[in-house]
Structure formats: C-alpha cells, structure tokens
Amino acid sequence: MKKLTRNIAVAMSLSLTAVSSPAMAADSSKPIVIPTHNWSSQVVMAYVIGGIFESMGNNVEYVPADTQAVYEAIRNGDVTISHEVWQSTFGASFYNAMQKGGIIDAGTHAAMTLEEMGVPQYVIDDNLCPGLPKWEALANCPEVFATADSGGKGRWLEGPQSWHGNQMPERLAGLGLDDKYMVKFAGSADALWAELESAKKDRRGVITFNWTPNFTDAEGFVFIEFPEYFDGCRVGDGGNGACGSPKGWLKKAANYKFPKTHPAAYTAFSKISFTSTDIGQMAALVDIEKMSHQDAAKKWLSAHEDVWKPFTE
Ligand code: TMO
C-alpha cells in the first residue's frame, strides 16, 4: 500500500513536471484586463472568469467598457478578453475588428443564444394579441401595447441604444409596422426588468427586448417570430431591415498576444464553455436573488467547481 502510494506520488510529480516543462513559459504577472458591460450575466461572468484566472495565480483587472467599442479595445490591447460575444448584437463589431487584426476567436460557449423582442408568457396564455408569437399578429393589436408615452402607437421597449443603434426602428419600418408601433430605448437592462415586473402585476400587454440564456428563461418569455434572419437583411448591411435576429452563437475573443503572455490562462480561457443553465444561474443570482455581481460570482464559483475546475486542468 505504502509503495503504491509512493508510486502514485512519483507519477504525479512526473506529470506535474511535464506540465510545467520549460517549453511552456509561466504566465506574465501583468494583469489580464476583463471588460464589464451592462447586463447581469456578463458582469457576473467577468468576475467568475477573473476568479478562475486568480485561482491559477494570475492577476486580473476589470474595466467598464462600451459594448461595441470593446472589440477595438481588445484589438489594440487595452482590454485582454471578451467572454460574451453575442452573435446578433456584437458579431459585426467582432468581425470588423478581426479583419483589421489583433483580435482572435477564443472559442464558443455551449449555450446557443437568441436576442429578440418578445412578450411574457401570460400575454400568450391570456390571448392578449391573437396570433402571437407570429409577428404578423402585431398589426392587429397595437393598442394592447400602447403606453402613456407612446403617442397612441404600440410600444416596443428596446434595450439601451448602445446595443443595436437603430435596428429596431428600422425593423418596424421594414415590416411596415411603423405607423402602428414606436420604439422606446430603455436606459438600462434593469429598466427592462422593471417594466416586465410592473406589467405582470396587471397582466398588461408589454413587448420588450430580451435574450436567452437569461434569468427570464425560468419564468417563461416568448420571443416574437419574425421573418428569418439572413446576412444582408439589416439596414446597416444593405437590406431593408425586415428580419428577426439570428439564432446565434456565444463566443469568446482575446487579444492576439494573450496566448503568448499568459499561456496557462489562455489555455483555460479557450476551454471555458458555459451552458444556458450556467449563464441563467449567473444572471438569476443578481436579477432574482439581488446579490452584487461580485458576491454572485463567488457563490457561483464555490457551488460549481465541478463545472469550472476542469477548464484549468
Ligand atoms: C447582448 N445582450 C445579451 C444584451 O443582448
């Protein structure tokens, strides 16, 4: 038994030697710069990934960053990574930066995504606008979605304008719905959740931008079914905007030097793959349990070592 234990110890130290062989330089002690944005899972995941890097002995730094300009910041090295590159909202900025050079694709999370306008489940259950979730139904019930500030039209509560610019007003025009609906931009993600909460109390009709994975997955949120997305359908890409969002990927990006400066952290980062469940949990700790982003990340890390430890091995 003793001998066996010693053999295992020898084998382990051999394999440790192999891992830390001179071929793989140690990670730089310079901080890995992680951006924080303006929706909950992204901020919690920033601290989750920062916590993973710290567990490996790395230094990290967090910077609040604009959600579109961050790809340029990664390209020029001011920011090291982006850990939630949502295809629909950020795909174009990511690929534009990649074309200029300096940013690399560091892999794709397991979660599939959708970022789209939609309604709470009770809007469907109560049949407030017959024919939903098909988009054509919207033409028949703008009054169901009118609010005090919508000038008699139905209202789409879109996310902050920094996310999609004028895509939603352009979509309404492209679909021929702009005489019946208007777009209001929310000041923050929290304003979306506050409106959903308030509408739910009266089971009132409401249309908001939302996404999955998110904390709202648990309760039920129904995305409107628009004409299918295709490359070129958006106004910014030369189309008339009459399409929905793509069912998309969720990627990770990094500055091209990251694999050289922090080989171990980069290897872990490239392996990180969160599921819809993981991401929904990260958002729920903040948006339902009302924890701070940092505390939510600590709680998530300590409850789910089985998920993240393998990324570091
Ligand atoms: C990028 N977002 C998740 C807010 O749609």
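P213 sits in the loop between β8 and β9 (221-223). In this predicted model, the peptide bond leading from T212 to P213 is cis, with omega near 5 degrees. A second cis bond joins L132 to P133, and there omega is near 15 degrees. P133 belongs to the loop that runs between α5 (121-125) and β6 (154-158). Most peptide bonds are trans.

The loop between α5 and β6 also holds N127. Phi of N127 is near 55 degrees, which is a positive value in a residue other than glycine. Most residues other than glycine have a negative phi.

Now turn to the ligand. Where does the ligand sit? The ligand occupies the largest cavity. Two elements each give two or more residues to the shell around the ligand: α4 (87-100) and β8 (207-212). The strand β8 thus returns here, after its part in framing the loop of P213.

Which residues are around the ligand? Four are tryptophans: W39, W86, W163 and W211. F90 and F209 are there too, along with T89 and E115. By class, the shell has 6 nonpolar, 1 polar and 1 charged residues. E115 is the charged one, and T89 the polar one. An N or O atom in the side chain of E115 lies 2.8 Å from an oxygen atom of the ligand. The protein covers 100% of the 210 Å² of accessible area that the ligand has on its own.

Last, consider the domains. Domain 1 spans 32-112 + 248-312, and domain 2 spans 114-237. Each of them supplies at least three residues to the shell around the ligand. E115, with its 2.8 Å approach to a ligand oxygen, falls within the 114-237 range of domain 2.

Definitions and conventions: Residues numbered from 1 in each chain as written. Predicted model: local features only at pLDDT ≥ 70, side-chain atom pairs only at ≥ 80, totals over all residues. Heavy atoms only, no water. Near = heavy atom within 4 Å. Polar contact = N/O pair within 3.5 Å; in protein donor to acceptor, adjacent residues only side chain to side chain. Areas by Shrake-Rupley, 256 points an atom, 1.4 Å probe, with all protein chains shown as cover. 1 Å grid on protein atoms, 1.4 Å probe; cavity = no way out; pocket = protein on both sides within 12 Å on 5 of 7 lines; lining within 4 Å. Sits in = over half its atoms within 2 Å of the grid points. Helix = DSSP H or I, 4+ residues; strand = E, 2+ residues; numbered from the N terminus. Nonpolar A, V, L, I, M, F, W, Y, C, P; charged D, E, K, R; others polar. Domains from an automatic or database assignment.
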